[in-house]
Amino acid sequence: MKHILFELRGCPSKLLNDAEYIVMALKIATSHANSKLLGVNCNIFDPQGVTAIAMLAESHISIHTWPEKNLAMCDIFTCGVDATPMKAIEYLSKHFQSKDTTYSHHERI
């Protein structure tokens, strides 16, 4: 089981506040992670920010955005042996035009 916490910093605020863009990104990231998408749930905050979670057969991908800080805090948890979570992170980093992507990798038992 792989659990990766990651931060996307320096992203354009308009992308981080666009719920449709975020949901689409999670759907595409799921395929990069070699995982099966079960559904996506999304909440838009007022005055800004989005939280979305993609529920996977193998677990989940989540994103929480702070457009005013150009920041997204995310995680991906996968339990499938064929899952490729780092590929999903690479995709999301590019998709959100992150200037600085950091992550920590945790093996779960």
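This report describes the fold, the surface, the core and one helix residue of a predicted protein model.

## Overall fold

The protein chain has three helices and six strands. Read from the N terminus, the order is β-α-α-β-β-β-β-α-β. The radius of gyration is 13 Å, close to the 13 Å that the globule rule gives for 109 residues, so the chain is as compact as a globular protein of that length.

Along the principal axes, the C-alpha atoms fill a box of roughly 40 × 25 × 20 Å. Contacts can also be sorted by sequence separation. Among contacts with a separation of 6 or more, 62% join residues 24 or more positions apart.

## Surface and charge

Of the 109 residues in the protein chain, 43% count as buried. The accessible surface comes to about 5900 Å². Carbon and sulfur atoms hold 54% of that surface.

The protein chain carries 10 positive and 11 negative charges. The mean positions of these two sets are 3 Å apart.

## The nonpolar core

In soluble globular proteins, nonpolar side chains tend to be buried together. In this model, the largest nonpolar core has 27 residues. Those with the most contacts inside this core are Phe-6, Leu-8, Ile-61, Ile-63, Ile-76, Leu-92 and Phe-96.

Several elements each supply at least two residues of this core. The strands are strand 1 (2-9), strand 3 (50-56), strand 4 (59-66) and strand 5 (71-78). The helices are helix 1 (13-16), helix 2 (19-32) and helix 3 (85-95). Helix 2 gives the most, with six residues.

## Leu-92 up close

Leu-92 is among the core residues with the most contacts inside the core. Set aside its neighbours within four places in sequence. Leu-92 is then in contact with Phe-6, Leu-8, Ala-25, Ala-29 and Ile-61. Two of these partners, Phe-6 and Leu-8, are also among the core residues with the most contacts. So is Ile-61.

## Lys-27 on helix 2

Lys-27 sits in helix 2. Is this residue buried or exposed? Lys-27 is partly exposed, because its relative accessible area is 44%, and partly exposed covers values between the 20% and 50% cut-offs.

Lys-27 touches Leu-37 and Val-40, not counting residues up to four places away in sequence. Met-55 offers another reference point. Lys-27 and Met-55 are 28 residues apart in sequence. In space, their C-alpha atoms are 9.9 Å apart.

Technical notes: Residues numbered from 1 in each chain as written. Predicted model: local features only at pLDDT ≥ 70, side-chain atom pairs only at ≥ 80, totals over all residues. Heavy atoms only, no water. Helix = DSSP H or I, 4+ residues; strand = E, 2+ residues; numbered from the N terminus. Rg over C-alpha atoms; globule rule 2.2 N^0.38 Å. Buried < 20%, exposed > 50% of the residue type's maximum accessible area, 1.4 Å probe, protein only. Contact = heavy atoms within 4.5 Å. Areas by Shrake-Rupley, 256 points an atom, 1.4 Å probe, with all protein chains shown as cover. Lys, Arg positive; Asp, Glu negative; His and termini not counted. Charge placed at Lys NZ, Arg CZ, Asp CG, Glu CD. Core = buried A, V, L, I, M, F, W, Y, C linked by side-chain atoms within 4.5 Å.
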